[in-house]
Amino acid sequence: MNLLIEWNNLVLDAIRALGKLPVESKERNRGGPPQIARSLGIIYTIIYDSWSAYDPVANPSIGNPIRCPEPQCTLANKRKAISQAAYRGIIDQFPPSAFSPVCEVKCNSFKDEYQFRLEALLRKEGIMLGDTNTNSDNPVGIANIMADRILQSRHNDFANQDNLYDDTSGYQSVNKPMSVILPATMDAIDFPDRWQSLTYLNIHNVAVSPKFITPHWGGVVPFSLENGQQFRPAPPQPVLSQGFLDQARHVMDIQVKLTPEQKVIAEYWADGPNSELPPGHWTEFAAFVLERDYGGEADADYSIDNSVKLLFLVANAVFDASIATWDAKVAFDYVRPITAIRYLFGGRKILGWAGAGKGIQEIQGETWKPFQVASFPTPPFAEFTSGHSGFSMAAATVLKKFTGSDRFGFFYAQNSPLKADPSEAVTDVVLSWPTFTSAAREAGESRLFGGIHFYEGNVVGLDLGEKVGTQVFNKAYKLWSGS
């Protein structure tokens with residue numbers, strides 16, 4: 001298997017395991033979409049910078065280049081540098097200790113398995129665990145030099161990693177939490193155009209009211225952007241406008257008319273807790289492209305080179321998209337559909353999803369809920385713009401530019417019942433994406449099918465993602481071409 005894909009598989013498993021930690025574990029704070037995007041950016045930037053020492057023209061992202069003498073530029077040395085770089089990045093972002101809290105047996109067994117796989121991938125390349133040398137004539141030393149540079153910089157990038165990403169902005173929601181299970185009372189929504197936390201029972205059957213995830217994220221130092229505000233869009237629909245009412249009705253209409261395929265689309269792209277989340281989802285797609293284009297030459301120099309470049313691109317595309325998206329989310333602090341619909345249609349009979357096994361019924365407007373699993377009804381951050389749209393189009397843009405084509409060719413076959421409604425007969429549904437662009441657009445559209453975004457939040461997010469992806473590609477190309 002491709003070396004980079006092996007490391008990526010380990011990273012994705014670590015991301016998924018974070019969502020299985022106990023609710024009281026602060027280590028779960030590593031697992032929000034922005035944090036995961038940043039972690040991927042860090043890991044693959046350390047890998048890229050270490051790889052650059054074995055390329056005749058590539059420059060690292062930070063600091064002066066290291067140019068290895070030609071006799072040292074062997075495939076074996078390149079693989080060693082990449083593996084040590086991956087290890088350094090991973091244990092900084094997802095340390096084995098993060099999975100040590102007392103919890104279900106599978107959590108504890110994952111920690112042991114995780115540690116074993118980390119060490120096995122190092123041993124496979126002949127690397128001794130704990131080698132901290134910084135000798136530039138040694139591939140492990142090169143990786144350590146580059147890792148030290150990146151990690152020192154990133155631990156001071158305003159993400160607040162050292163305090164497990166605690167908010168540094170002082171953000172406070174203007175709305176008090178609203179119960180999803182209970183009807184919204186007249187005084188439940190003070191500001192109908194602003195974000196509102198929701199109270200619900202999570203997968204552990206514990207009542208939670210999650211706070212806004214990382215509201216300080218727009219101030220994190222990006223990879224390629226001037227700052228988080230660079231592509232900030234125009235404001236969304238104001239509360240007293242016809243557009244505000246129309247966008248709510250649009251979501252309601254979509255929910256009432258959902259087809260089995262649209263329900264599968266909503267769930268496939270949901271990427272909630274216990275998944276690899278949208279940023280990780282797109283590195284999985286990148287791995288598919290690497291297998292598609294270089295699968296028969298996994299150990300060839302050009303395969304390793306292109307694998308490093310592509311994952312470097314995708315990881316930093318989703319990272320910068322997280323910064324630009326969260327800047328907009330906090331700047332506008334915009335309402336989610338569940339709050340807007342309950343406010344606008346409270347006290348009125350409407351058609352809506354009544355829950356698993358109940359289908360579409362006439363319900364009270366103040367009880368409306370989206371087509372989502374009950375244990376995660378809506379992500380805990382503002383609506384505008386859509387993170388899925390931003391992450392997905394940023395990644396799709398760099399994939400298209402790097403491969404020189406929009407051709408994708410990935411498909412997914414639904415072979416299990418829906419999580420939100422197991423009574424739905426959907427096991428014969430197949431999703432397919434001929435192009436990266438179609439996948440990104442469907443990812444954005446899935447949030448409308450799921451009832452957690454408005455149309456405008458999706459479209460503006462796609463536009464933002466394309467701008468971010470283009471900027472990331474331009475910077476990365478200059479780096480590896482030696483500009």
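Which residues touch the most other members of the largest nonpolar core? In this predicted model, that role goes to Trp 7, Trp 282 and Trp 480, out of a core of 115 residues. The biggest contribution to this core comes from helix α9, running over residues 301–332, which puts in 15 residues. There's also a second, separate core, made of 28 residues, with Ala 188, Phe 244, Ile 350 and Phe 454 among them.

Let's stay with Trp 282 for a moment. If you skip its neighbours within four places in sequence, Trp 282 is in contact with Trp 269, Val 314, Ser 392, Ala 395, Ala 396 and Leu 399, and also with Phe 436, Ala 439 and Ala 440. Those last three belong to α12 and are buried there.

So what does α12 look like? Helix α12 covers residues 436–449, 14 in number, and spans 20 Å from its first C-alpha to its last, close to the 20 Å expected at 1.5 Å a residue. Because 11 of those 14 residues are buried, α12 is largely enclosed by the rest of the structure. The buried set isn't just greasy side chains: it includes Glu 442 and Arg 447, along with Thr 437, Gly 444 and Ser 446. Just after the helix, Gly 451 takes a positive phi of about 80°.

Finally, a look at open space. The second largest pocket has a volume of about 230 Å³. Its lining comes to 14 residues, and Val 180, Lys 369, Gln 372, Val 373 and Ala 374 lie nearest the centre. By class, that lining breaks down into 11 nonpolar residues, one polar and two charged.

Methods:
Residues are numbered from 1 along each chain as its sequence is written. This is a predicted model: local features need pLDDT of at least 70, side-chain atom pairs count only at pLDDT 80 or more; totals for chains, interfaces and linings use all residues. Side-chain values use heavy atoms; hydrogens and water are left out. Helices (H or I, at least four residues) and strands (E, at least two) are DSSP runs, numbered from the N terminus. The expected span of a helix is 1.5 Å times one less than its number of residues. Buried means under 20% relative accessible area, exposed over 50%, partly exposed in between (1.4 Å probe, protein chains only). A nonpolar core is a set of buried Ala, Val, Leu, Ile, Met, Phe, Trp, Tyr and Cys residues joined through side-chain atoms within 4.5 Å. Contact means heavy atoms within 4.5 Å. On a 1 Å grid over the protein atoms alone, a cavity is a set of points where a 1.4 Å probe fits but cannot get out, and a pocket is an open set with protein on both sides within 12 Å along at least five of seven lines; lining residues have an atom within 4 Å of a point. Grid points are joined across faces, edges and corners, and a volume is the space filled by probe spheres set on the points. Ala, Val, Leu, Ile, Met, Phe, Trp, Tyr, Cys and Pro count as nonpolar, Asp, Glu, Lys and Arg as charged, and the others, Gly among them, as polar.
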